[in-house]
Amino acid sequence: MSVATSSYIPLAERNLWNDVKPIAQDDGPNPVVPIMYSEEYRDAMDYFRAIAAAEERSERALELTETIIRMNPAHYTVWQYRMTTLLELKKDLEEELQLMNEFAIQNLKSYQVWHHRLLLLTHISPQDPSFEIEYIHQSLLPDPKNYHTWAYLHWLYSHFYTLGRISEKQWQDELRWCEEMLRVDGRNNSAWGWRWYLRVARPGAETAKDGLKDELNYVLKSIHLIPHNVSAWNYLRGLLRHFKLPLTPLLFAILPYTARPSSTLPEIPQDFDFATPSVPLPNDTPLPVPLALEYLADALIEQGSNAEAGEVFSELSTQYDKMRAGYWEYRRRECVEE
Amino acid sequence: MAAASSSSASSTSKLDVPLHIKYIQNLDKRQDLAFHLTSHLRLNGIYWGLTASHIMGQPSALDREGVIEYVLSCWDEEAGALGPHPNHDGHILATLSGIQIMLMEDAIDRIDVDSVTKFLLDRINPDGSVSGDSWGEIDTRFTYILLSSLSLLGRLDRVPQDKREKIVEYISRCRNFDGGFGRVPGAESHSGQVWVCTAALSILDRQDLIDVPLLGAWLSERQLPNGGLNGRPEKLEDVCYSWWCLASISILGKLNWINKDKLIHFILGAQDLEDGGIADRPGDWVDVFHTIFGVAGLSLLGYPGLEDIDPVYCMPAKIIDKVGLRKPYATLPRMVTYP
C-alpha cells in the first residue's frame, strides 16, 4: 500500500492553519510499537491533536476530521469529535447523511461508519424513515450478508417502531422485500434471521395467531427448492420448537430426502396439505440430506421409536455426515440410553 | 520482511513455533501504512501477540518493561480507561486488552483499578446492554468485555444485583431460534457473538440459559468439508472461527463435536512457513489476529507442545487458574506428538 505525497501541501504551509501549533505523535517512552506514518496522515493527526486539546469545534476542525476518517475509517476518537462538532455547529445532518452515503460507495467501511449513521438518524429523527430503509435495502444489494447492515436495519425498525412511526403497511412491504432477498438467494442466512424477526419476534408479529400454516409452507417450499439449505432447516426446526409443534405431521414432506428405499416410503395421503417435494427432486440434490435424517430421527423419538432413531443417528455418524460424528454419536447414545 | 506475506504450508506441516515467535517479535518493526492505520487496534495487537507467545511457551518473547510502559501510555485520564494507543480515547475494547496484558506481565497493580472499575460500571445501560464508551455503541462483545474486565480485576461483585439481572436478561434476548446469539436482540447468530455471550454467561454462572444440544449442533455445523470453521451458515471458513466456535463448544463441554484432525490440518495449512504468522485461510496473508486464534484453537485441540488456554478468558489457563477464575469447560488431552 502506498500513498502519493508529491503533490501534498503540508498543513503548516496553508494559511488556514497558521495559528495552530501541531502536537506530534507521542508513542510513549520506549515504544514497543513505534508508528511510521505517511506524511499526509501524520500531518493531519498532528493538527487534530492540537485542535482536540483546545476543544476547537469549527469548520476547519470538521474538515480535518473528514480528511482523517477518509484515510482511517476506524478511528473512534476522530468520529466522536466529528459528531460533537457537527452538533455544536448545528450542521445539516441530512447533508452529513449524504456524505456517509458517499463513504459507503467508496467502500469506507467500519463499525464506526454505522454507529455514526445510527447517531445521525437518532438526531434527525424523521417522521417517516422510509428513505433510510430504502437506502439500506439498496446497500445490501452488492453485499447481501453484511452483518453491520442487517443489524442496523434491525435497529432502524426497532427504534422508529418505538416512536410509533412504522405502519402496518411498512411491515408488510418489508416482508415482501425480505422474500425477494430470499428468492434471489435462498441461502442468505441473514435474510432468514430477518424473516424470523418480521414473522415471529417483532412486536405485533402475526404468525402465532393465524399465520403458522403459511409460515410452515413457506419454509417447506424453500427446502423443496434447495434441499440442502441449512438456514431453511434451522428455520423450520426453530418454528416447530418455538410454537411447540410436533414433527411427525410434516414427515411426508421430509421423507423423500431421507433416501429410504422407496418400498418403505408411505404414500403421501390425499389430505396432506403441506408443500411436498418436487417429483423428481432438483437435479443436483445428493441424497440423503443429513438434516432430513435428523428430522426423521427426531420424529421417531417423538413416536417413541428410540431404537430406530438410534439407527438413523448411527448412519449419520458413520456414513452420511462423518464430519459431525461426535454430535451424531451423542444423539445416538442418548436414544439408546433412554 | 515488512510486508504481509502469504501462507505456504503443505499438508504435512507442523506448527513452527520459533518462526511464529519471531514473527510476533518483529511486528513493531514494520514500516508500512497499513500498520499505522491500525493504531486503533494497537493495544489489542499486543494482547494478541503476547497471549500467542505465552501459549507457545515463550512468555518473555516481548520486552516486559517496554510492554508495560506502552500500556500505561495508553491511559486516558479523563475517561478513566485505556485507549488503543496514546492519545486515543479510552474504550472498553482497549481496556480489556490492557488488563489482560498487565495480568500476563504480572503488573496489574500499576493500573488505576478504581477508575477503570468506575468506567466499566458506567457502561451498563438501563436495559442491560453495554456500551463501548460514552459514544454509545452497543454490542454483546462489550457485555463480555465488561464482565471479563471486572472479574479479572476482582471487581465483579461491584455490579449491583439488579444490573446483573438486567445484563443476564439482555443476553437472553440476544439468543435466537437456532440456539445462537447475535450482537443485539434479533441480530443474526454469529460465531463471534456466540462466543462472547456463552463466555459472558459462564462468567456470571448462568450457563443454564444456553440450550447446549441446540447451540452445540449449530456450532458443529460451522465445520466445512475443508475442516475449517465459518461464522454463520453459508459463509467462508476462517481461522479466527477456530477460536470463536471452538472456545464456545469447549464451554458447552462438547469439544468432540468438532472434527479435531480436519481442523488441525486446516489451521496448520494457513501458516506462513517462510516468514511466520497464520492467515485466515491457507494461501492468504498473515496477521497477528489470526496467529493468536489459530494457536489458541490448536491449544484447545490438544496440539503438542502448547500451553493450555482458558476458553472463557482467552488467556493462559495457568494465570486464570491462579487467580481463581476458572469456570467449567471441556478440554482435550494434550497430545505428545502430532500426527
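Start by selecting Glu215(A): with a relative accessible area of 0%, this residue counts as buried (buried means under 20%, exposed over 50% and partly exposed in between, using a 1.4 Å probe and protein chains only). This is a predicted model, in which local features need pLDDT of at least 70 and side-chain atom pairs count only at pLDDT 80 or more, while totals for chains, interfaces and linings use all residues. Residues are numbered from 1 along each chain as its sequence is written, chains are lettered from A and ligands numbered from 1 in the order in which they are written, and side-chain values use heavy atoms, with hydrogens and water left out.

Now add Arg195(A), which is buried too, at 3%. Glu215(A) and Arg195(A) form a salt bridge, with the closest N and O atoms 2.7 Å apart (that is, a side-chain nitrogen of Lys or Arg within 4 Å of a carboxyl oxygen of Asp or Glu). The pair links distant parts of the chain, 20 residues apart: Glu215(A) sits in helix α10 (residues 207–225) and Arg195(A) in helix α9 (residues 189–201) of chain A. Helices here are DSSP runs of H or I, at least four residues long, and strands are runs of E, at least two, numbered from the N terminus.

Next, colour chain A by domain: domain 1 is 1–91 and domain 2 is 93–205, with bounds from an automatic or database domain assignment. Where do they touch? Pick out 12 residues of domain 1 of chain A in contact with 16 residues of domain 2 of chain A, contact being heavy atoms within 4.5 Å. About 1300 Å² is buried between the two domains, 69% of it from carbon and sulfur atoms; this area is the accessible area (1.4 Å probe) that two parts lose on being put together, summed over both. Highlight Arg70(A), Trp79(A) and Met83(A), which supply 48% of what domain 1 buries against domain 2, more than any other three residues.

Stay with Arg70(A) and show Glu102(A): they form a salt bridge, the closest N and O atoms being 3.2 Å apart. It's worth showing the whole network of salt bridges here, which links Glu66(A), Arg70(A), Arg82(A), Glu96(A) and Glu102(A).

Within that network, zoom in on Arg82(A) and Glu66(A), whose closest N and O atoms are 4.0 Å apart. Arg82(A) lies in helix α3 and Glu66(A) in helix α2 of chain A, so the pair ties together parts 16 residues apart in sequence. Arg82(A) is buried, at 3%, whereas Glu66(A) is partly exposed, at 22%.
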